[in-house]
Amino acid sequence: MGYPFQPHLRETTLLSRYFGDAGARTLAGWKERGGYRALEQALGMSPADIVNVVKESGLRGRGGAGFPTGMKWSFMKPGDGKPHYMLCNADESEPGTFKDREIMRWTPHALIEGCAIGAHAIGAEVSYIYIRGEFTEPLRIMDAAVREAYAAGILGKNAMGTGKRVDLHLHRGAGAYICGEETAMMNSLEGRRGNPRIKPPFPAVAGLFGLPTTINNVETLGAVPLILNEGAAWYKAFSLSSPKSTGTKLFSVCGNIARPGNYEVVLGFPFKEFLYELCGGPPPGRRFKAVIPGGSSVPIQTMDEAEATAMDYEGFVAQGSMLGSGGVIVYDDSQCMVKHIARLARFYAHESCAQCTQCREGTAWVTKILERIEQGGGTTSDLDTLLELSEQMTGKTICVLSDSCAAPIVSGIQKFRHEFEAHINGKRCPMGTTAAA
Amino acid sequence: MSDANRESTTAEYSPVLAGPARRELDDILTRYPTKMAALLPALWIVQRERGWVSTDSMAEVALALDLTPAYVKGVVTFYTMYHQHPVGRYFVQVCTTSPCGACGAEDVVEALLEGTGCGELGVTSPDGKFTVIEAECLGACGFATPVMINDEFIESVTPPRVSELLAQLR
């Protein structure tokens with residue numbers, strides 16, 4: 001495990017190598033650790049060559065969707081006469097996820113470097129990093145790093161003396177989970193309410209300010225300098241299970257577990273060993289009950305599923321869930337699943353932008369039903385209503401927020417139906433987490 | 001609004017975006033191809049200077065960015081972090097989303113409500129010092145329970161630590 005502890009011997013610390021090393025935060029310190037060599041190299045390469053290296057590495061988006069990064073970049077056509085934009089998604093708000101925060105806190109220059117390389121590859125002269133409003137400390141650290149990079153001529157109108165313009169600005173969000181959705185983020189940055197946009201047009205055609213834009217997650221861009229430095233073949237060799245999942249991934253681990261924190265492992269690592277060996281298993285005297293492995297928007301796994309999982313894009317799907325953002329939430333046998341699913345539903349109801357009826361009404365309605373069940377006032381037909389609502393909330397809206405709300409409800413009822421029934425039949429929470437209604 | 005009202009409002013209201021704050025905004029404007037894109041940053045300046053974003057400030061920001069006051073209000077109300085009314089000197093946000101909930105966030109909320117004298121969420125304490133709210137996922141789930149006091153981000157808060165933290169602020 002990285003900061004604040006020593007990494008576990010079975011971790012592969014490419015991105016997290018300098019977590020906890022304050023010396024890596026400064027420009028001088030970053031250069032001593034090999035920083036900005038990759039950017040210097042990239043600025044001398046053609047955009048198409050950079051895109052090919054990243055394609056060849058197999059790098060896929062680390063924000064949740066897992067889209068191949070090189071392919072995303074190839075949708076941008078440098079030289080079309082329009083300004084292009086690179087937008088880095090640092091609006092980390094997915095419950096269970098806190099990895100981008102550590103990248104920004106400890107290796108701000110890695111992100112600046114990755115952003116600048118990506119910008120050059122997609123023909124953008126301006127990059128924005130959209131940081132969630134609550135991340136005051138990462139924002140301060142990033143701000144200091146950006147200032148240093150400008151002062152040293154790494155950023156600016158003549159970046160690293162190459163005559164190329166590489167501008168980069170930080171943009172602070174103001175409290176809205178939905179702004180982590182790429183089109184909502186573009187609206188928010190433009191000074192609008194953070195409502196997602198209908199796609200198509202996709203951002204590569206009409207994105208920020210109506211111009212071609214690429215949006216990448218912090219962790220994705222953080223891996224780019226490593227790939228440029230060490231080569232695509234080197235990066236691609238980090239793969240333990242599916243050949244479609246390459247490189248390392250940061251997993252944020254939280255909830256009821258002995259050693260919560262960020263862990264970096266090669267994709268395909270066995271989830272069972274990860275949970276028990278690296279993270280130390282459940283708290284003393286407890287047993288694990290359930291895992292949400294990819295941030296709160298992915299289906300819940302039973303322990304049987306989790307323990308059979310290879311930690312990569314394909315492996316989590318094969319075991320009833322998704323890799324998502326890599327935010328691993330673990331619940332032990334002292335926790336009431338109904339209570340947690342109700343609390344997650346309340347989160348989505350709070351964060352719905354309210355554009356689409358299925359989401360605005362659906363998230364609020366399922367929350368009401370779930371809270372009623374948890375308080376002992378549920379009926380057997382409530383479960384059917386929840387499943388029907390969840391179906392109406394899936395695949396029918398502009399963005400996937402309402403799908404995300406439905407995922408833990410559907411999987412929760414499928415896999416932990418007995419807990420729902422115990423609440424309904426006993427007219428109270430059997431775990432005693434709430435008083436009888 | 002009648003002319004008389006408008007005049008009296010103008011007379012009482014002293015602009016935020018003057019002097020260094022105006023220069024800060026001008027610098028921010030150079031980063032974007034549109035004036036509207038400076039809206040969130042401008043509102044952050046207002047909140048930093050005034051502690052909250054009043055209707056008059058929204059109108060001032062609208063004027064500075066060629067927007068309408070109604071448009072600015074629409075944006076302000078979308079986001080949770082802009083205060084639309086004055087809050088306590090220390091604005092306390094506690095994460096109570098599911099992962100922190102599994103680690104005892106509710107007890108931290110209770111300790112804060114009691115220790116600050118707020119009693120209830122969203123209510124400012126009688127001495128005007130504290131307002132406590134529940135926040136949705138603060139993005140530090142492995143360091144449950146995170147608490148933000150103004151811009152200060154504090155990890156791993158437990159009920160016993162609450163009294164320590166509050167003692168430092170009294």
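**Chatting through chains A and B**

Me: Hi! Of the contacts in chain B with a separation of 6 or more, what share comes from residues 24 or more positions apart?
Reply: Such residues account for 56% of those contacts. Two residues are in contact here if their C-beta atoms, placed from the backbone, lie within 7 Å. This is a predicted model, where local features need pLDDT of at least 70 and side-chain atom pairs count only at pLDDT 80 or more, while totals for chains, interfaces and linings use all residues. Residues are numbered from 1 along each chain as its sequence is written, and chains are lettered from A and ligands numbered from 1 in the order in which they are written.

Me: And what is that share in chain A?
Reply: In chain A it is 71%, again for contacts with a separation of 6 or more.

Me: Sticking with B, how many helices and strands does chain B have?
Reply: Chain B has 8 helices and 4 strands. These are DSSP runs numbered from the N terminus, with helices being H or I of at least four residues and strands E of at least two. The order along the sequence is α-α-α-α-α-β-α-α-β-β-β-α.

Me: Which domains is chain B divided into?
Reply: Domain 1 covers 3-76 and domain 2 covers 90-169, with bounds from an automatic or database domain assignment. Taken over C-alpha atoms, their centres are 30 Å apart.

Me: How many residues of chain B are in contact with chain A?
Reply: 34 residues of chain B are in contact with 45 residues of chain A. On the B side, α3 (39-50), α5 (69-76) and α6 (98-101) each give two or more residues, and α3(B) gives the most, with 4. By class, that side has 23 nonpolar, 8 polar and 3 charged residues. Nonpolar is Ala, Val, Leu, Ile, Met, Phe, Trp, Tyr, Cys and Pro, charged is Asp, Glu, Lys and Arg, and the others, Gly among them, are polar.

Me: Switching to chain A: how many residues of helix α5 are buried?
Reply: In α5(A), residues 99-106, 7 of the 8 are buried, among them Arg101(A) and Trp106(A). Buried takes 20 or more other C-beta atoms within 10 Å of a residue's own, exposed is 12 or fewer, and partly exposed is in between, with C-beta atoms placed from the backbone.

Me: What do those buried residues pack against?
Reply: Their partners in chain A are β1 (85-90), α6 (108-121), α7 (136-151), α9 (218-230), β5 (248-255) and β6 (261-266).

Me: At what angle do α5(A) and α9(A) cross?
Reply: Roughly 45 degrees, with the axes coming within 9 Å; axes are lines fitted to C-alpha atoms, for helices over the stretch in contact, and angles run from 0 to 180 degrees between N-to-C directions. The two helices are therefore oblique to each other, because under 35 degrees is roughly parallel, over 145 roughly antiparallel, 65 to 115 roughly perpendicular and the rest oblique. Lys99(A), Asp100(A), Ile103(A) and Met104(A) of α5(A) meet Val218(A), Glu219(A) and Gly222(A) of α9(A).

Me: Any odd backbone spots? Which peptide bond is cis in chain A, say at Pro200(A)?
Reply: The one from Lys199(A) to Pro200(A), with omega near -5 degrees. Pro200(A) sits in the loop between α8 (182-189) and β4 (213-217).

Me: One more: is Tyr36(A) buried or exposed?
Reply: Tyr36(A) counts as buried because it has 20 C-beta neighbours inside 10 Å. Its phi is near 70 degrees, a positive value in a residue other than glycine.
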